[in-house]
Amino acid sequence: MKPTDTSNPDYFHKVVDCQWACPAHTNVPEYIRLIAQGRYTDAYLLNRESNVFPGILGRVCDRPCEPACRRGRVEDKPVAICRLKRVAADLSDEVRDRLPQRPAGGNGKRIALVGAGCASLTVANDLLPLGYDVVIYEKLAETGGLMRSNIPRFRLPPAILDDEIDAIVDMGAELRLNSPVESMAALLDEGYDAIFVGSGAPQGKNLELPGRYDTDRIHIGIAWLESVAFDHIDSIGEKVLIIGGGNTAMDCCRSSLRLGGKDVRVMARKPRHLLKASDWELEDAEEERVEIMLNHSPEEFIVEDGKLVGMKFAKVEWHDDGSGRLKSTTIDEVVLPCDDVILAIGQENAFPWIERDLGLEFDQWDVPVVDPATFQSTREGVFFGGDSAFGPKNIIWAVEHGHQAAISIHKHCQGESMTERLPQTMNLSSTKMSIHEWSYSNDFDPAARRLMPHVDLKERFENLDIEVELGFTAEQTITEVERCLNCDIQTVFKAGLCIECDACIDICPVDCLTITHNGEEADLRSRLTAPAENLDQELYVSDGLPQTGRVMVKDENLCVHCGLCAERCPTAAWDMQKSELIIPYATDEAACPTKRKAG
Amino acid sequence: MSFIRKPKIVYKGQRTNALGLTRRDYEGGMSTLCAGCGHDSITTALVQAFFELDIEPHKVAKLSGIGCSSKTPAYFLDSAHGINAVHGRMPAVATGANAAARDLYYIGVSGDGDSLSIGLGQFAHAMRRNLQMLYVIENNGVYGLTKGQFSASADIGSKAKKGEVNEQRPIDPVKAALALGGSFVARAFSGDKEQLVPLLKAGIKHNGFAMIDVLSPCVTFNDHEDSTKSYAHTRQFYHPAVHADFIPPAQPIEAGGDEGGVLRVNLHDGSQLLLRKVAPDYDPHSRAGAYSYLDECEKRGEIVTGLLYIEEDRASMHEISQTAKQSLRDLEYDKLNPGAETLKALQSRYR
């Protein structure tokens, strides 16, 4: 193998599994260290740089970081990254005085944002400090989009939403509530310099089965959640069936319990490991005694005398059809009684308000064609982001779309090329303080993951406003921060200094180092101190070593970043260096106005 | 040394041996030697060897004298038995321990000072007795613990860190062992575990005194230019003559089609050594041949390593002395202590 090119920022970035997995590349290890030092406000602001909504995401993020966390490979459970984010938000001081404001006068460019959800708000957050005139159109009477209408209050209290959204609006945006955009053509006529569509995926999927329209007790999940959120619905029958196995189904079943549901079941077609709901959301629903019935495929609504009395399901078995796809066979039929059914089987974006003759192309699924790098549609100056761009994803993806769209909008307005964007870069700096001292807590703490304390089951159902998760205690926080392996403190090797004494190899607690003769990757992977079987993780291969010409190989898979290799190294060939990924935002693009003019 | 201990991490997919133990279960306390010390590599090689041999740690007795090397038994097999003897007197203590409890594996760790200066007599006599033990000399050519004076193994012309040149002839433990009738004589290098680990395994299983002289650079006092015991010098003049592969008894031996350059040695417990020779006409059963080969290579400045001499059927101490077949601890009390009358009868034979 060739020596690893660590000058490419992606190499060390990839070692920081959580940051690499996060769509917005939040600097997780650094904010966990700040929490460990009690610098909650700094931790909050560091989060906010990339993910904009730490308080919201600290509760309801999809957490792509956690399955990626190296701790989960070393032992069973990843670091409770999301919970720690909430700690930063819970304990942070007021940050408004540390946020930028829209400069008086502005830059004369006007931007329209459609929808006041996370994508649009991120665009506003990035563009307001540059002096843009930002107008946010929202069809509802409140901000937040699906964050407010679809995530129940017992998981995400409105006060948290208000605080973080107001912080953005108060930078100087013009917010127009109760202002649905009913025509793109009309909006275009208003002469905005750019339009950003962040209207989400607001349409719940229907289930066309016999009996569907014979009763009014069958609800579309996300519409029902919205009605609950805005207090248009305050009760439900005792027996409730939720159809679907995703996170919306979990929100529906738990909301039902708080509105009078006694016997609430989630009916899923697939086996457990194929459910779309996050594991922790399934666990939280089951803690509330919701039964999750697997392998039940809905067949018919049973309506007698205009009253919904039950629903018929096929019990199915799944098997591989030989081509890797799963096929089901019916083994039984079952009828379950119910008073209400909630359909939570997915959602899609819908654009009835965009005229089809504006030069804005739609694809075969009737979704606008959007460039995945610039987020511009086929009509210049019209951008999409969040669920409205590429279908339903999650909040953190919408935030990242917002950041990228903001850069594009800025470049569009300044006449710069949208595709010539600032690259991500990386700083490396040694953490060595003295012979045996590093500027991070390098010892491995064997503690197990802390569990989030919950409000007692007896109390939590009284109303929708009781937030179930209490947040980590101080003791839990102290333990959990030490579980972080500081993957951003990189093991950096200088081959020229190595005397091949094997000290680093001998001391490594997870056998990830080897000095051996070079070879092809597959061959090399099999010859290491411990075979490198996780092909998703890179091998760090050095130049030839001075004495024997062999190479130092590090398998990045299990390294716990304890720094013992560097501590045992007599020649400082190994060093522990902090990698800091520098992610360009719209402000950075504005700070170095280039001559990279378009065309 | 480090300030934090090597953390014990049980990671997924960690290999275990036939006893269900991981390599980490064969480790000991935290090393207080200098970072980069060859001795720490030898410690790791010992851990690896005992792990691979599936030996229960409590079936091992570790012995040592005084010196940097003699600290290392604290760093491996922390559930083994251990005695840290006075300077140079480890072989006598090992002899006593082995006489009483012959069912343990004995491993002595010594240094060039402990074995070749103050303890040279003890070293010679343990070899003469063919005491069943693995005797490792961690040889770095200096007294590291007293700040780097030349030891008895320092080569003529080798320079100390501050520039003095050694002018006395070195005692080569390999040549000494050949001359003293050692039954297992090997040299290795701490920087080559591929060679060292199988040698240690063979030494542990050898029926008699297995002496391995392991060149182990002192990274603090003897790893500079003009030192003949540095990492760089050892690698430059490294000459592996015989590589030993250790084959445990249960494992089928893959017979190479032609045995050219490969020699089999049967160990008394049923395991085998496959000796791969770099020099085709080298005979590891010939004491005189080994000696002259060493002499020749020495003239070229080469450092010969490998299993240089082996004599597996030499009687060991217990066989020579016709002692009890089991450890004294396992003897019934009336056999172990036949009583005053028997003692009297015995004494009367010498009156």
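**Notebook: chains A and B**

Entry 1, the interface. I looked up the contact between the two chains and found that chain A and chain B bury about 2,600 Å² between them, with 51% of it on carbon and sulfur atoms. On the chain A side, I noted that His436(A), Asp506(A) and Arg568(A) lose the most area to chain B, together 24% of what that side buries. I record here that the model is a predicted one.

Entry 2, contacts and charges. I then looked up the residues in contact: 34 from chain A meet 30 from chain B. I found a count of 5 salt bridges between chain A and chain B. I examined the salt bridge of Asp511(A) with Arg23(B), in which the closest N and O atoms are 2.4 Å apart.

Entry 3, the second largest pocket. I noted a space of about 1,500 Å³ in this pocket. It is lined by 50 residues, and those closest to its centre are Arg527(A), Leu528(A), Thr529(A), Arg15(B) and Gln48(B). I listed the elements that give two or more residues to the lining: α20 (503–507) and β20 (513–516) from chain A, and α1 (38–52), α7 (193–205) and β9 (238–247) from chain B. I saw that α7(B) gives the most, with 5 residues. By class, I recorded 19 charged, 16 polar and 15 nonpolar residues in the lining.

Entry 4, the domains of chain A. I looked up the division of chain A and found domain 1 (9–97 + 445–483), domain 2 (99–202 + 349–414), domain 3 (205–346) and domain 4 (489–576). I noted that the C-alpha centres of domain 3 and domain 4 of chain A lie 52 Å apart.

Methods:
Residues numbered from 1 in each chain as written. Chains lettered and ligands numbered in written order. Predicted model: local features only at pLDDT ≥ 70, side-chain atom pairs only at ≥ 80, totals over all residues. Heavy atoms only, no water. Domains from an automatic or database assignment. 1 Å grid on protein atoms, 1.4 Å probe; cavity = no way out; pocket = protein on both sides within 12 Å on 5 of 7 lines; lining within 4 Å. Points joined across faces, edges and corners; volume = space filled by probe spheres on them. Helix = DSSP H or I, 4+ residues; strand = E, 2+ residues; numbered from the N terminus. Nonpolar A, V, L, I, M, F, W, Y, C, P; charged D, E, K, R; others polar. Contact = heavy atoms within 4.5 Å. Buried area = accessible area lost by both parts, 1.4 Å probe. Salt bridge = Lys/Arg side-chain N within 4 Å of Asp/Glu carboxyl O.
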